[in-house]
Amino acid sequence: MGWNVAGLSTTVQRIDESYRVSSNEEERKKNPNMHTSSRNTNGSSLLEYIRRHEADIVCLQEHKIPLSQLASRSEPLQCSSSMEGHFESMWSCCTDPSQKGLNGVVTYARKGLIRSADPSPLSSFFFDDDITTCSTTTSITTNSSNSRINLMNQQGRCLMTDHGRFVLFNVYVPNGGSGGETALQLKLCFLKALRRAMQRQRNVLGRKVILTGDLNLVHDPNDIVWSDRLVHIPTILQQVRNNNNNNNNNNNNSLDWWKVELEQHWDAIAAVLETKKAVARTTSNVATGATFDKFRVSVQIPVGSNHSNVGSNNERSSNHTTTTTTNTNRVVWLGKFEDSAQGALHKYDFSAQTINTAHDDDDDSAKNNKEEKQAVRVIRKANMVSVQVLSELMSKIANVEWNLQTRQLIADSMDAGMNEDSPTIQWLTSVIQEDGMVDTFRHFYPNAKSRFTCWQQYTNQRFQNNGARIDFFLVDQDLMEYVEKGGPLRCCAPSTDMDNMDPLSEEAALRAATANGAFQGASFQGGGIAPATQKALDTQFMGTPHTGIIYTPPSFSDHVAVSLLLKNDVMHTPLVLDESDARTRKAQPHKAQRSVAAFFGTKTKSNDTTTLSLNVSLEKKKKKHYMTESERRQNAAKSFFTPRSSPHGNSNAN
């Protein structure tokens with residue numbers, strides 16, 4: 001199970017509120033509304049939650065828990081130490097001062113299913129060219145002795161765990177989309193290092209690889225809302241002009257009428273877009289009274305042009321009315337209000353996008369060349385426009401209305417799709433085609449539509465199912481013999497409601513995302529996401545284990561979980577955790593200090609006097625009811641006196 005929790009502290013609190021397990025049932029019966037902090041939960045609600053999902057390995061991204069909290073065992077609801085006895089937890093935390101309270105990945109693995117971990121598996125795969133490209137003044141100084149330390153290791157974005165037959169990479173890839181060229185370069189550096197690390201495990205060490213996490217990229221046209229698919233305008237214009245030439249030569253070729261309309265109006269649209277600017281509007285928070293600026297794009301249409309009569313529809317649909325700013329121009333508003341002027345203008349900037357890249361040659365002479373050769377790489381062609389924006393421009397500037405059917409026709413045609421020049425899309429294509437990894441969701445559901453894993457929460461996009469699939473399970477082809485499809489694709493609705501519905505359809509995906517309409521969004525007056533009933537929350541457990549998507553509630557995270565089902569024989573024998581391994585110890589900072597409970601133990605005689613820790617596993621707490629007192633003390637003593645440098649012995653995998 002893989003899941004970006006967008007802050008484990010909040011998520012585990014939500015889980016505890018909905019699925020708490022008290023150690024004192026009588027107390028719960030007397031006071032069922034008792035506040036969480038007053039109850040003796042000890043994080044066991046998280047364990048119960050994982051059990052209900054029937055998960056053996058859980059990979060979480062963006063946990064945001066500081067290393068210091070784990071080292072002092074003060075993390076929220078003891079979400080590391082409370083799992084001991086059932087699960088081992090391996091952590092990679094953010095230690096970059098400029099990213100304090102962000103990022104971080106953690107993997108929980110049932111005892112007997114893990115033997116080691118590495119919280120910094122990318123260290124060896126960043127070369128001088130990467131550091132020069134990726135470094136920032138806040139995190140890496142080129143003249144310091146730490147200049148070769150990778151920024152991503154400091155940010156806690158990657159964790160590798162060893163599960164015997166395979167190694168598992170749990171990653172949270174940088175977004176790269178909102179920080180300009182530098183942010184994209186950081187993202188590409190991370191992806192390149194990740195691929196090298198996986199190739200080393202596969203090609204040098206002979207290991208099979210599984211990759212999971214929030215990759216912050218989409219790869220298939222069905223992984224985004226159809227209205228966000230891109231149309232390359234110059235290609236359409238050329239098609240129309242070629243068709244016109246053929247018609248002049250008495251060749252009657254049919255052409256979609258929307259293309260003809262686009263060709264007729266595009267030059268005028270482009271001219272109007274030259275006048276675009278971001279205009280600020282001051283607004284306020286109704287709850288706090290705080291004021292802030294929002295930005296929206298305006299353009300000017302010459303009065304008297306063929307398009308000057310546009311505006312009546314605009315006035316009805318906009319918070320701003322269309323007004324004449326001069327005797328010759330009319331103002332038209334585009335898009336919606338955004339948090340920044342750059343964000344508002346970005347959607348209507350159709351210029352080609354490029355990035356400066358260092359010489360990317362892997363031979364030794366290139367690596368030793370201290371003169372960094374710069375190259376300009378096109379990452380998006382000019383005039384790549386989404387179906388949604390294109391339809392808006394035709395309506396507001398050209399006064400041509402395309403109905404829903406036409407827009408969907410365009411989006412589903414061969415003329416709309418992904419940005420093939422995107423370096424992140426090309427990266428995943430190479431991982432699949434060259435390295436032989438399989439996108440397990442698309443393997444089993446190649447035609448599933450609108451099955452997304454992330455939505456914008458603050459605009460309630462999940463409840464319209466306008467999202468993207470950016471969370472993945474990628475598996476080496478050699479491991480696919482152990483991967484099972486399992487139960488059907490989940491729809492979070494009673495089977496009777498799905499009798500006449502295709503589970504691969506957009507309607508089925510909408511029902512899954514909203515728990516058949518039971519989940520409701522946040523009010524724009526404030527107050528957060530609307531509370532869900534317990535019945536709605538429990539829809540996340542509907543269905544049998546499968547390879548697919550688990551629709552966790554919107555109040556838990558803006559992402560839902562993805563799942564991978566492996567056959568039982570993928571594990572030969574129970575594995576023993578190598579606690580003598582330095583990297584594994586680094587991944588378990590919570591074991592560096594004994595828990596608070598350890599200081600309130602009972603005493604027993606062994607070499608005169610010894611304090612016996614009561615920090616035993618949950619399993620042993622259960623077993624003590626079936627043992628004699630001497631047997632219990634003997635078992636506990638064995639656990640306590642086992643040296644940390646040697647394994648604790650085999651554990652049975654469940």
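Visitor: What makes the meeting of the side chains of Asp415 and Lys259 a polar contact?

Guide: In this predicted model, the side chains of Asp415 and Lys259 are joined at 2.9 Å, and the term asks for a pair of N or O atoms within 3.5 Å, one able to donate a hydrogen and the other to accept it. Since 2.9 Å falls within that cut-off, the pair is called a polar contact. The side chain of Asp415 also makes a polar contact with the side chain of Gln239, at 3.3 Å, and this value too is within 3.5 Å.

Visitor: Why is Asp415 called buried or exposed?

Guide: The relative accessibility of Asp415 is 19%, and a residue is called buried when the value is under 20%, so Asp415 counts as buried. Asp415 sits in the loop between α14 (404–411) and β16 (416–417), and, neighbours within four places in sequence left aside, the residues in contact with Asp415 include Leu230, Val231, His232, Ile236 and Trp258.

Visitor: How do you know whether Thr459 is buried or exposed, and what does its side chain contact?

Guide: Thr459 has a relative accessible area of 18%, and because the limit for buried is under 20%, Thr459 is placed among the buried residues. Thr459 is found in the loop between β18 and β19, where its side chain is joined to that of Gln456 by a polar contact of 3.3 Å.

Visitor: What makes Asn465 notable in its phi, and is Asn465 buried or exposed?

Guide: Asn465 has a positive phi of about 55 degrees, although it is not a glycine. Asn465 belongs to the loop between β18 (454–455) and β19 (467–468), and its relative accessible area of 7%, set against the limit of under 20%, means that Asn465 is buried.

Visitor: Why is Glu54 called buried or exposed?

Guide: Glu54 has a relative accessibility of 52%, and the word exposed is kept for values over 50%, so Glu54 counts as exposed. Its phi is also positive, at about 55 degrees, although Glu54 is not a glycine, and Glu54 lies in the loop between α3 and β2.

Visitor: How do you know how enclosed β3 is?

Guide: Six of the six residues of β3 are buried, so this strand is largely enclosed by the rest of the structure. Phe87, Ser89 and Trp91 point one way from β3, while Glu88, Met90 and Ser92 point the other way. This can be set beside a general pattern, in which the side chains of a regular strand alternate between the two faces of the sheet.

Visitor: Why are β3 and β4 said to pair?

Guide: Two strands are said to pair if there are at least two bridges between them, and β3 and β4 have six bridges in the antiparallel sense, so the condition is met. Within this pairing, Met90 stands opposite Thr107 in β4.

Visitor: What makes β10 and β12 the edge strands of their sheet?

Guide: The sheet is an open one of three strands in the order β10-β11-β12, with antiparallel pairing. The strands β10 (277–284) and β12 (329–338) each pair on one side only, and it is in this sense that they are edge strands. From one strand to the next, the twist averages 35 degrees. Between β10 and β11 (residues 291–302) there are eight bridges, and Asp293 in β11 is the bridge partner of Thr282. Helix α13 (residues 387–396) packs on the sheet, where it touches β11 and β12, and its direction makes about 155 degrees with that of β12.

Visitor: How do you know how the span of α1 compares with the expected one?

Guide: Helix α1 (residues 8–19) has twelve residues and reaches 15 Å from its first C-alpha to its last, which is close to the 16 Å expected at 1.5 Å a residue. The buried residues of α1 include Leu8, Val12, Ile15 and Tyr19, and among the elements that cover its buried residues are β1 (2–4), α3 (44–52) and β3 (87–92).

Visitor: What is the pLDDT of the chain, and where does it stay under 50?

Guide: The average pLDDT of the chain is 81, and 74% of the residues score at least 70. Over residues 34–43, however, the pLDDT is below 50, and over residues 601–654 it stays under 50 as well. Where pLDDT is low, the predicted coordinates should not be read in detail.

Key. Residues are numbered from 1 along each chain as its sequence is written. This is a predicted model: local features need pLDDT of at least 70, side-chain atom pairs count only at pLDDT 80 or more; totals for chains, interfaces and linings use all residues. Side-chain values use heavy atoms; hydrogens and water are left out. pLDDT is the predictor's confidence in each residue, from 0 to 100. Contact means heavy atoms within 4.5 Å. Helices (H or I, at least four residues) and strands (E, at least two) are DSSP runs, numbered from the N terminus. The expected span of a helix is 1.5 Å times one less than its number of residues. Buried means under 20% relative accessible area, exposed over 50%, partly exposed in between (1.4 Å probe, protein chains only). Axes are lines fitted to C-alpha atoms, for helices over the stretch in contact, and angles run from 0 to 180 degrees between N-to-C directions.
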